[in-house]
Amino acid sequence: MEYTELSAYDLPAGTVTSWTPRADAGRWQQDPRDLSPGHEAHLRDSEPGSWIGSVLRVPGPYEPEPLRRAIHAWVSRHEVLRTTVTQDDGSGWRRVTAPAEAVTIRDLVVGDLTAAQVGALLPSLLADVSPTAWPHCVMASVLPEPGSPGDDGFVLAFGADHSVMDAYSQLLWFEEIVSLYDAARRGVPDAELRALEVGSHVDFSAEDRKLAMTLAADGEPVRRWLDFLGPDAAFPRYGTGITRPAADAAEAARPQASRSYWLATVDQTDDLSARSRARGASAQSGVLAAFAHAARRVHGLDRLRFVLPMHTRYAPQHAAAVGWYVGLCPVDLDLSGVDPVLRDVDAGQDDPARVVDGNALADAIERVHAAVSASKPLVRYSFARIAELGGITDGPHFAVSYVDTRFVPGAERWSTWAARTLRSPAYGTDELYLWFLRTHDGLNVSTRYPDTPEAHAAMDALVEELRTCFRAFGSAGLREAVA
């Protein structure tokens, strides 16, 4: 599993079909449930052409009618995919929702295209979503040419607006859509396909707003965020100059680099996870500690200040729901006084050996765990509301995410399906984002950053240092320095 742009996916030549939800104008109903502050901020700040999604190779024959029924069942199950907003006489936004029986799925055969044409067309089809126009999620399929590699199945992808989708929803889609398609091909009735007892993100949004409106400008959540951002209320950057404000419109419009790297094997990741648990922490703390040490060794950074996105799926009914369940955790990590995790020791050869310093690693893990735990209570409060109360107009420039995907339904089959989560291209020079994914195949990191020689060199050095660190773990045999 990797998280990349669609341009990094091996799309085949073949017949492209778009799949678009439709609903009669007269079937939309006024919905009294409030929008979350984050949804309203997204309506205000989102950029055209911004989307997230997923793609996989569906095994088995391509049958258009069962696929239509599967897509319809998915949209029916998740209320957030059947809701949208309307402008209320210029004074704000109101929600409207369509019942499942009012929705149909329209297919349009675009044509038989070359692989290059498919690669150019699909991103534009999936980018045809916005926060203000329904549908907020569309799909496209590619049926490979007969006799070509992969012609025993077909490619299916979707693109969605962030107002209805988060990373976990992207991951849940793989198993759900394949299972629905298989059931539809077996002739399972529509009512049974649609049946899924799952919470609604629309309900969650209304509750999120209620909680957000209890915040006060002089309350602790706002104060702690302002303390993290400093006197200028500005989000921190990585600290080496690889990200900076765009000098002009041309730089602001420059596409960012998007790269994915495999860092560690399953055994190596499991080893670090076990060591983290032994210190009362999680694998997330171990991975972030390894990253912090790589930043220290390569760029001399004793202190890292970044935003850590974390899920807000606190209620069991929302565990399998599609929606945007994400809050922000401000992390201030100080590793000053902690020796680097990797040390050079005399191994009796011409070149010194690189080994793990167990004490330094344990200290770093504990510091990460403490830093995240200290700010984790802030995740449940809407940052959009906090920004409004605190007069914060800046947005994150340095974000690090960690997701353990191994227990998502169907994860063990993702490699067979060539499954991948997707993001749209981003632009500018002032962001560094890293997404660490723990999978059944090991540890992967996806990155996006300014497309400059300095940024490329910095990221290459960081990744190589991380790989060097992880090579000291797992089946390769752990050699540990004695402090």
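Modeller: Let's start with the rule for rings: two of Phe, Tyr or Trp (its six-membered ring) make a pair if their centres lie within 6.5 Å. Keep in mind that this is a predicted model. By that rule the count comes to 19 aromatic pairs.

Biologist: Okay, why is the pair of F158 and W173 called edge-to-face?

Modeller: Their ring centres are 4.8 Å apart and the planes stand at 65°. The cut-off for edge-to-face is over 60 degrees, so that angle qualifies.

Biologist: What makes you say that this pair ties parts of the chain together?

Modeller: F158 belongs to strand β9 (residues 153-160), whereas W173 belongs to helix α4 (residues 167-185), so the contact links parts that are 15 residues apart in sequence. The two also belong to one aromatic cluster, formed by W74, F158, W173, F174 and W414.

Biologist: How do you know whether F158 and W173 are buried or exposed?

Modeller: Buried means under 20% relative accessible area. F158 has 0%, so it counts as buried. W173 also comes out at 0%, so it is buried too.

Biologist: Next, the charges. What makes R423 count as sitting over the ring of Y3?

Modeller: The charged end of R423 is 4.9 Å from the ring centre of Y3. The limit is within 6 Å, along with an angle within 35 degrees of the ring normal. R380 does this as well, lying over the face of Y381 at 5.2 Å from the ring centre.

Biologist: On to S36. Where is it, and why is it called buried?

Modeller: S36 is in the loop between β3 (29-31) and α1 (37-45). Its relative accessibility is 9%, and the cut-off is under 20%, so it is buried. Leaving out residues up to four places away in sequence, S36 touches S205, D208 and R209.

Biologist: What makes the link from S36 to H39 a polar contact?

Modeller: The side chain of S36 reaches the backbone nitrogen of H39 at 3.0 Å. The pair of N or O atoms has to be within 3.5 Å, so that distance passes.

Biologist: Now the sheets. Why are β3 and β5 called edges?

Modeller: The order in that open sheet of 3 strands is β3-β6-β5, with antiparallel pairing. β3 and β5 (83-87) each have a single partner strand, so one side of each is left without a neighbour in the sheet. The twist averages 45° from one strand to the next.

Biologist: How do you know that β5 and β6 pair?

Modeller: Pairing takes at least two bridges, and 5 bridges join β5 to strand β6 (residues 93-97), so the two pair. One of the bridge partners is R94 in β6, matched with T86.

Biologist: What makes you call strand β2 largely enclosed?

Modeller: In β2 (residues 14-23), 7 of the 10 residues are buried, so the strand is largely enclosed by the rest of the structure. β2 pairs in the antiparallel sense with strand β7 (residues 103-113) over 10 bridges, and 6 bridges join β2 to strand β8 (residues 137-144), also antiparallel.

Biologist: How do you know that W19, in β2, is buried?

Modeller: At 1% relative accessibility, against a cut-off of under 20%, W19 counts as buried. Its bridge partner in β7 is D107. Its side chain also makes a polar contact with the side chain of S141, at 3.1 Å. S141 is in β8, where it stands opposite T17.

How values were computed:
Residues are numbered from 1 along each chain as its sequence is written. This is a predicted model: local features need pLDDT of at least 70, side-chain atom pairs count only at pLDDT 80 or more; totals for chains, interfaces and linings use all residues. Side-chain values use heavy atoms; hydrogens and water are left out. Rings of Phe, Tyr and Trp (its six-membered ring) pair if their centres lie within 6.5 Å; planes under 30 degrees apart count as stacked, over 60 as edge-to-face and the rest as tilted. Helices (H or I, at least four residues) and strands (E, at least two) are DSSP runs, numbered from the N terminus. Buried means under 20% relative accessible area, exposed over 50%, partly exposed in between (1.4 Å probe, protein chains only). A polar contact is a pair of N or O atoms within 3.5 Å; within protein, one must be able to donate a hydrogen and the other to accept it, and residues adjacent in sequence count only if both atoms are side-chain atoms. Contact means heavy atoms within 4.5 Å. Axes are lines fitted to C-alpha atoms, for helices over the stretch in contact, and angles run from 0 to 180 degrees between N-to-C directions.
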